[in-house]
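Please look over the model shown here; the report that follows describes its surface, overall dimensions and domain arrangement.

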Amino acid sequence: MKNSRILGTGSYLPDRVMHNSELEQLVDTTDAWIRERTGIERRHIAADNETTLDLAYAAALNALDAAGMQPNDIDLIVVATTTPDCVFPSVATMLQAKLGVTNASPAFDVQAVCAGFAYALGVGDNFIRANAASTVLVIGAETFSRILNWKDRNTCVLFGDGAGAVVLGASDEVGIHSTHLHADGRYKELLHVPNGVSRGYDVMQQQEAFVQMRGNEVFRMAVSKLHEVVEEALLANNLEKSDIDWLVPHQANIRIIQATARKLRMDMAKVVLTVQDHGNTSAASIPLALDTAVRDGRIQRGDKLLLEGFGGGFAWGAALVTY
Ligand code: COA
């Protein structure tokens, strides 16, 4: 059985940066509140004519370049997104066409909201382990700004747009040691966009087309489930907390990240933080953070990484990786 390794990483952020001060003009909030309660200082927002596909495409090119691969080397594309361009076809198939991949390899989307990248990575890794693919493009891409109610201060200050990608390749060396995926559908009401196409297009004009969240309750659940899943990942690999070089967490709130780091007894200097610059980019946040730390030289080949994410559903997951 082959293992999968990360051959290259990439990312893309829209040009437009929205600072907290801009949100002060939209809702009853302050820069100080947002920084103190979330750690967020700014986020990127897609241009009106920019879609999730465009963001995914730019991140994919970036990752392929880093991996030294051509689009036709790819034999599976998995895109994690909750904000696809169309009901169908999937972003993944549109991306396949945009990249010029003509080898008829499979391409599909995965929807697990902020745990989307952990899920997509798990899928890609398992395709390689099952010998069903040898080079996989795994992407998290979101235009979450499109499902925000810009009059709701409980949610609009938290999210941003972006995309991150990795190229996985079959290898004799262990890259991805394990992935651990979970869901508990009983908590839907705490974090959701209540409506969608199956309930009729007319409702899409209303508030129900936007993210609604009971932040406090989500916060408590996130801290508890992330603690459980990182412990599970360490135990499955017979590793100690001290064996981890870098925590690469989903970037929802600095206080959630600090709580996980504390439980791992990890110095914050060993945690990749992008929440201040990106906000919560949902499925894109883990690969964006990973690519940031790979490109600035913090994450080196051979380092042990713990990736984790939690979000709507609830769905959550972790991956233990030697980069
Ligand atoms: N600006 C100013 N005040 C705000 C605000 C904002 N943007 N958003 C909420 N408030 C207010 C609330 O209305 C509340 O006021 P009240 O006491 O008068 O009722 C007060 O701040 C405290 O609200 P609370 O929800 O208890 O704040 P909090 O410290 O829990 O922080 C979140 C709110 C949303 C930042 C936090 O709960 C959180 O990050 N939750 C998890 C969110 C998350 O990770 N979601 C995605 C998962 S992938």
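The accessible surface of the protein chain amounts to about 13,300 Å², and 49% of this area belongs to carbon and sulfur atoms; areas come from the Shrake-Rupley method with a 1.4 Å probe, and for residues only the protein chains shown count as cover. This is a predicted model, in which local features need pLDDT of at least 70 and side-chain atom pairs count only at pLDDT 80 or more, whereas totals for chains, interfaces and linings use all residues. Residues are numbered from 1 along each chain as its sequence is written, and side-chain values use heavy atoms, with hydrogens and water left out.

Of the 323 residues of the protein chain, 57% count as buried, that is, under 20% relative accessible area with a 1.4 Å probe and protein chains only. The radius of gyration of the protein chain, taken over C-alpha atoms, is 18 Å, which agrees with the value near 20 Å for a compact globule of 323 residues, the globule rule being 2.2 Å times the number of residues to the power 0.38. Along the principal axes, the C-alpha atoms fill a box of roughly 55 × 45 × 35 Å.

The domain assignment, automatic or from a database, gives two entries, tabulated here with the residues that each brings to their contact, where contact means heavy atoms within 4.5 Å.

| Domain | Bounds | Residues in the contact |
|---|---|---|
| domain 1 | 3-173 | 54 residues |
| domain 2 | 177-322 | 48 residues |

The centres of domain 1 and domain 2, taken over C-alpha atoms, are separated by 14 Å.

How values were computed
Buried < 20%, exposed > 50% of the residue type's maximum accessible area, 1.4 Å probe, protein only.
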